[in-house]
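I opened this notebook page to record what I looked up in one chain. The entries follow the order in which I made the look-ups.

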Amino acid sequence: MTAPNAETTTGHDTVAAVVRQWQTVHPGLDTGPMEIIGRVNRCAALLQQAEDAPLRRAGLTRAEFDLLGALRRTGHELTPGELARETFSSGAAVTKRLKQLTERGLVERRGDTRDRRVAHVRLTDAGRDLVDAILPEQLAYETAVLSGLDQDRQHELAGLLGGLLGQLEGRLGGLRA
């Protein structure tokens, strides 16, 4: 089985044009990895630029919604460190977001009775209500974003991306140098 190239894949996207340019400069170079990673990165950039319309209307960023969502789906208090792991964020980013969400009355922090250095974060009623109100609208928005792919293609893509993500989560730490 040969690696796909710009001519055998979609051929009409930005990455295909970049790959064709690289193949002109370095005709013997295998651009297969660039075709996959470049497209994943380009999709992520376009999705971030869209900034999730329902979230934007609610005055939330995706990262803030992810924090609120982590608290809602786990159903219990989490420490900032646990929130960082749940949302794949840095501790500093979580601290900044929690400050903003606390000021908006969406989360509450309480100190640990045994260790003053530890804080526990929970959703307020307003935070829970906001997540519950936005989630169906956000999922409808994401469904619209993916509407160009039929259900079978969406399932196939989800499976392929899940396989890639599982592989990267299992070994990416070893690839960082």
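The entries below go from the whole chain to one helix and then to a surface patch.

**Entry 1: the whole chain**

I note at the outset that this is a predicted model. I looked up the secondary structure and found eight helices and two strands. Read from the N terminus, the elements run α-α-α-α-α-α-β-β-α-α.

I then asked what share of the chain is buried. Of the 177 residues, 26% are buried. The chain exposes about 12100 Å², and carbon and sulfur atoms supply 57% of that area. I also looked up the contacts with a separation of 6 or more, and 50% of them join residues 24 or more positions apart.

**Entry 2: helix H6**

I checked the length of helix H6, which covers residues 91-103. Its 13 residues should span 18 Å at 1.5 Å a residue, and the end C-alpha atoms are 18 Å apart, so the expected and computed spans agree.

Next I asked which residues of H6 are buried. They include Ala 93, Val 94, Arg 97, Leu 98 and Leu 101. These residues lie on the same side of H6, because they cover an arc of only 130 degrees around the axis. The general rule is that an α-helix has 3.6 residues a turn, so residues three or four places apart point the same way.

On the other side of H6 I found Ala 92, Lys 96, Lys 99 and Glu 103, which are exposed.

I looked up what covers the buried residues of H6. The cover includes helix H4 (62-74) and helix H5 (80-87). It also includes strand E1 (107-111) and strand E2 (119-123).

After H6 comes Gly 105, and I recorded its phi as positive, near 75 degrees.

**Entry 3: the nonpolar surface patch**

I turned to the surface and looked up a nonpolar patch of about 540 Å². Ile 36, Ile 37, Val 40, Leu 157, Leu 161, Leu 164 and Leu 168 make this patch.

Which helices each supply at least two residues of the patch? They are helix H2 (32-50) and helix H8 (151-175). The largest share, four residues, comes from H8.

I took Leu 157, a patch residue found in helix H8, for a closer check. Is Leu 157 buried, exposed or partly exposed? Its relative accessible area is 36%. Buried means under 20% and exposed over 50%, so Leu 157 counts as partly exposed. That value also fits its place in the patch, because patch residues need over 30% relative accessible area.

Methods: Residues are numbered from 1 along each chain as its sequence is written. This is a predicted model: local features need pLDDT of at least 70, side-chain atom pairs count only at pLDDT 80 or more; totals for chains, interfaces and linings use all residues. Side-chain values use heavy atoms; hydrogens and water are left out. Patches are made of residues with over 30% relative accessible area and no salt bridge: like charges are joined within 9 Å, nonpolar side chains (Val, Leu, Ile, Met, Phe, Trp, Tyr) within 5 Å. Accessible areas come from the Shrake-Rupley method with a 1.4 Å probe; for residues, only the protein chains shown count as cover. A salt bridge is a side-chain nitrogen of Lys or Arg within 4 Å of a carboxyl oxygen of Asp or Glu. Buried means under 20% relative accessible area, exposed over 50%, partly exposed in between (1.4 Å probe, protein chains only). The expected span of a helix is 1.5 Å times one less than its number of residues. The arc is that of the directions from the helix axis to the C-beta atoms. Contact means heavy atoms within 4.5 Å.
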